[in-house]
Amino acid sequence: MTTPSTPIDSNRRDFIKRTAAVSAAVSLPGGVWAAGSDAPEKKEVRIGFIPLTDCASVVMASVLGFDQKYGIKIIPTKESSWAGVRDKLVNGELDMAHVLYGLVYGVHLGVSGPKKDMAVLMSINHNGQGISLSKALADKGAVDGPSLAKYMAANPRDYTFAGTFPTGTHAMWMHYWLAAAGINPVSGAKLITVPPPQMVANMRVGNMDGFCVGEPWNHRAIMDGIGITANTTQDIWKDHPEKVLGTSADFVKQNPNTCRAVIMAVLEASRWIDASLQNKMKMAETVAQKSYINTSVDAINQRILGRYQNGLGKTWDDPNHMKFFNDGAVNYPYLSDGMWFLTQHKRWGLLKSHPDYLGVAKQINQTALYKQAAGALGVSIPKSDFRTSKLMDGVVWDGKDPAKYADGFRIRAA
């Protein structure tokens, strides 16, 4: 099984040597990648993405030419569903993807389709997803978790909510949000899977009562008069992990220099996006185009600036909006982030027994490779592979005892 250190030599001397080589390459005139053993093994890299605002760093790395600085050509490839992304990563049709954190872990453990050893190269974004409820529910007073729970108790029927992939981030945010309101998402509601671009259309025809998805589709539901925003996902977990740059463990093993070059290009794009309002507006104009998200710019540009409305007349400025860089805090592949998704997979019965939480995270999250790329760019690297957060129900996650954490929730699968 691939570990974070096996795709590259892990001894200290080699680490210093390689990092120095990367640094030298970056400083070459024109930013050209060094030749020889540090040259990317694969020059063209097909990176899949789903039409969501948080695909932006992959798209902009290509559009702005950051990829060329490191001897590669990123080919962004628009995909229609997360299941399609999964299949193409597994069979090698895609080299990498802008992908759901929990999808990568699910594939690695064989609980969301074919089992294949996988890798997370970096985190792409924090925050910026949402929980939407139908306008029909909102008109009857169900506008947040507590009022939804009260309405469901008083009006028993089958309630349907949607995520975007069974082991993915949105499914886990929806499960967590419902449970925090006292609604059992396993026995008290039905959860279905719908691709992100199809969420609003499905709610329009009454196929679901609510959904969790990335932007711009929550804001699009408001613009179309279809739904309201009950909560943002940063309300659930401030600075939560979201999409990652994912690939297979085999690809990392065979193409470590290519992986490092892509990390550097996407890091540069991430830093560029977060650098100014002007850059964010340019990004919104780019990714709104038909070849990427295919929506209006005004569906994207407000929430990336933290300007929120809930569809019921409330507006607010959210400092915890979608972040792509945040001085590098976004991009480090914390082991504790990956472990959290495993705890929720266990909580909701996707995993029947406790996995080796830390061992799996170490196999998947390529921390050594990321540190080389970030170090060469002068991007801040945290002191620990773990971070501590308090989620909306007051429960603290620090990664120290994942099995106890997973079993400690009152509402969970039987």
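Begin by selecting β3 together with strand β10 (residues 243-248) in this predicted model: the two strands pair in the antiparallel sense, over 5 bridges. One pair to display here is L100 with K243, the latter standing opposite it in β10.

Keep β3 selected and look at its surroundings. This strand spans residues 96-100 and is mostly covered, with 5 of its 5 residues buried. Now add strand β1 (residues 44-49), which runs parallel to β3 and is joined to it by 2 bridges; to find one point of this pairing, show I47, whose bridge partner in β3 is M96.

Next, extend the selection to the whole sheet, which is open and made of 5 strands in the order β2-β1-β3-β10-β4, with mixed pairing. At its edges lie β2 (73-78) and β4 (118-123), each of which pairs on one side only. If you step across the sheet, the twist from one strand to the next averages 30°. On the β4 side, 5 bridges hold β4 to β10 in an antiparallel arrangement, and M118 can be shown with its bridge partner in β10, S248. With the sheet still on display, add helix α12 (residues 256-274), which packs on the sheet and touches β1, β2, β3, β4 and β10, its direction making about 30° with that of β4.

Leave the sheet and select helix α15 (residues 335-347) with helix α16 (residues 357-364), whose axes come within 9 Å and cross at roughly 130°. That angle makes α15 oblique to α16, and the crossing of the two helices is right-handed. To see what makes the contact, show the side chains of L335, M339, L342, T343 and K346 on α15, and those of Y357, L358, V360, A361 and K362 on α16. Colouring these residues by character will divide the contact into 7 nonpolar, 1 polar and 2 charged. As you turn the view along a helix, it may help to recall that an α-helix has 3.6 residues a turn, so residues three or four places apart point the same way.

The last stop is helix α17 (residues 367-377), which is largely enclosed by the rest of the structure, because 8 of its 11 residues are buried. Select T367, L369, Y370, Q372, A373, A374, A376 and L377 to display these buried positions in α17. Then move on to G378, just after α17, where the backbone takes a positive phi of about 70°.

Notes
Residues numbered from 1 in each chain as written. Predicted model: local features only at pLDDT ≥ 70, side-chain atom pairs only at ≥ 80, totals over all residues. Heavy atoms only, no water. Axes fitted to C-alpha atoms, helices over the stretch in contact; angles between N-to-C directions. Helix = DSSP H or I, 4+ residues; strand = E, 2+ residues; numbered from the N terminus. Parallel < 35°, antiparallel > 145°, perpendicular 65-115°, else oblique. Left-handed = near helix turned anticlockwise from the far one by under 90°. Contact = heavy atoms within 4.5 Å. Nonpolar A, V, L, I, M, F, W, Y, C, P; charged D, E, K, R; others polar. Buried < 20%, exposed > 50% of the residue type's maximum accessible area, 1.4 Å probe, protein only. Pairing = 2+ DSSP bridges.
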